[in-house]
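Reader: I'd like to learn how to read helix packing in a model like this one. Could you walk me through it, then finish with the ligand and the confidence scores?

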Amino acid sequence: MKRARQQATALAGVPPRPVVVRGLSKTYGRGAASVKALSGIDLTVEPGTFTAIMGPSGSGKSTLLNCLLGLERPDAGTIHLGGQEISGLGETELAVLRRSRIGVVFQAFNLMPALSAADNISLPLRLAGDSIDHQLVEELAMAVGVRETLARRPAELSGGQQQRVAIARALITRPELVVADEPTGSLDSASAEAVLALLRSIVDERGQQVLLVTHDPKAAAVADRVIFLADGRWQDEVSGGSASDIAARLARLGQRA
Ligand SMILES: Nc1ncnc2c1ncn2[C@@H]1O[C@H](COP(=O)(O)OP(=O)(O)OP(=O)(O)O)[C@@H](O)[C@H]1O
């Protein structure tokens, strides 16, 4: 892990820093109709680690990710990303932080239909006004297995290939943190395995941080640590658990929730 951290430092040009969440709370709505989506969540994600977040539907997983991405404002608590406390940042600063430090992969690939796979991958660089690193586009495309399809548009790619393009796009800025919300939800098992192996490799080989929300114990088993939420609260965590350990804990949580 030490080697991975040193590599990450060389890649990003700045020392990787942990993501630190303290006392995070978020309530939607007011009065009788209000929903407490998060209640006092504490979480630290170290550089060079892979963390999965699991929990029953409505347990607050997406709200947690959205707060981390600055897409939702928490009611209380702090979030440090890349050494910066984000709650005081304005929309423009948050957008820059997201673009430069965080790679996001959602279940819906959100690729631009009119652009080739290569242009989709390099889009974050273009949006940031940076020059296109064509070699990195090729390297990432090779790593995710879409090197041969770089000239094609999304409609000419399979779901698995589109998701891999979306992952390459999330990695093109060499973000410290990669946030993935059900990235394998719509993939066949071979494509899902390839995507998870790639996320694992960016942690092991590049020292990046991955935060994965998933309902799938097999996907969560790829992580170093799995955190379980229920009713917006931290319930349990397991390190290095097998898919069956994780499934058993999730089932217990479902019974409690
Ligand atoms: N914009 C919103 N307005 C009102 N309530 C919301 C909003 N977003 C989420 N909630 C509520 O907050 C709670 C947590 O939702 P969240 O989407 O974070 O859960 P989740 O664990 O990601 O669920 P799932 O696994 O089904 O995606 C739920 O009760 C949900 O109905």
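**Helix pairs, then the ligand**

Author: Sure. For a helix pair, take the axes first: in this predicted model, helix α5 (residues 134-144) and helix α6 (residues 159-171) have axes that come within 9 Å and cross at roughly 140 degrees. That angle makes α5 oblique to α6, since only angles over 145 count as roughly antiparallel.

Reader: And which hand does the crossing of α5 and α6 have, left or right?

Author: The α5 and α6 crossing is right-handed.

Reader: Which residues of α5 and α6 meet there?

Author: After the angle, look at who touches whom. From α5 you have Leu140, Ala141 and Val144, and they meet Arg164, Ile167, Ala168 and Leu171 of α6. By class, that contact splits into six nonpolar residues, no polar ones and one charged.

Reader: Let me try α4 and α6. How are they oriented to each other, roughly parallel or roughly perpendicular?

Author: Go to the angle again. The axes of helix α4 (residues 117-127) and α6 come within 7 Å and cross at roughly 30 degrees. The cut-off for roughly parallel is under 35 degrees, and α4 and α6 are therefore roughly parallel to each other. As for hand, α4 passes α6 in a right-handed crossing.

Reader: Which residues of α4 and α6 meet?

Author: On the α4 side they are Ala117, Asn120, Ile121, Leu123 and Pro124, and on the α6 side Val165, Ala168 and Arg169. This contact of α4 with α6 counts six nonpolar, one polar and one charged residue. Ala168 is worth a second look: this α6 residue takes part in the contact with α4 and also in the one with α5.

Reader: That leaves α4 and α5. At what angle do their axes cross?

Author: Roughly 115 degrees, with the axes coming within 10 Å. That makes α4 roughly perpendicular to α5, and their crossing is right-handed. Ala118, Ile121 and Ser122 of α4 meet Val137, Leu140 and Ala141 of α5. Here the classes come out as five nonpolar, one polar and no charged residues.

Reader: Now the ligand. Which residues surround it?

Author: List the shell, then ask which elements supply it. The ligand is surrounded by Tyr28, Gly29, Val35, Ala37, Gly55, Ser57, Gly58, Ser59, Gly60, Lys61, Ser62 and Thr63. The elements giving two or more residues to this shell are β2 (35-45) and α2 (61-68).

Reader: Which element gives the most to the shell?

Author: That's α2, with three residues. By class, the shell around the ligand has three nonpolar, eight polar and one charged residue.

Reader: Last thing: what is the mean pLDDT of the protein?

Author: Read the average first, then hunt for weak stretches. The mean is 87, with 93% of the residues at 70 or more. The stretch to watch is residues 1-13, where pLDDT stays under 50; for those residues the model has 24 contacts beyond four places in sequence.

Reader: And which overall scores does the model get?

Author: ipTM is 0.97 and pTM is 0.86.

Technical notes. Residues numbered from 1 in each chain as written. Predicted model: local features only at pLDDT ≥ 70, side-chain atom pairs only at ≥ 80, totals over all residues. Near = placed C-beta within 6 Å. Helix = DSSP H or I, 4+ residues; strand = E, 2+ residues; numbered from the N terminus. Nonpolar A, V, L, I, M, F, W, Y, C, P; charged D, E, K, R; others polar. pLDDT = per-residue confidence, 0-100. Contact = placed C-beta atoms within 7 Å. Axes fitted to C-alpha atoms, helices over the stretch in contact; angles between N-to-C directions. Parallel < 35°, antiparallel > 145°, perpendicular 65-115°, else oblique. Left-handed = near helix turned anticlockwise from the far one by under 90°.
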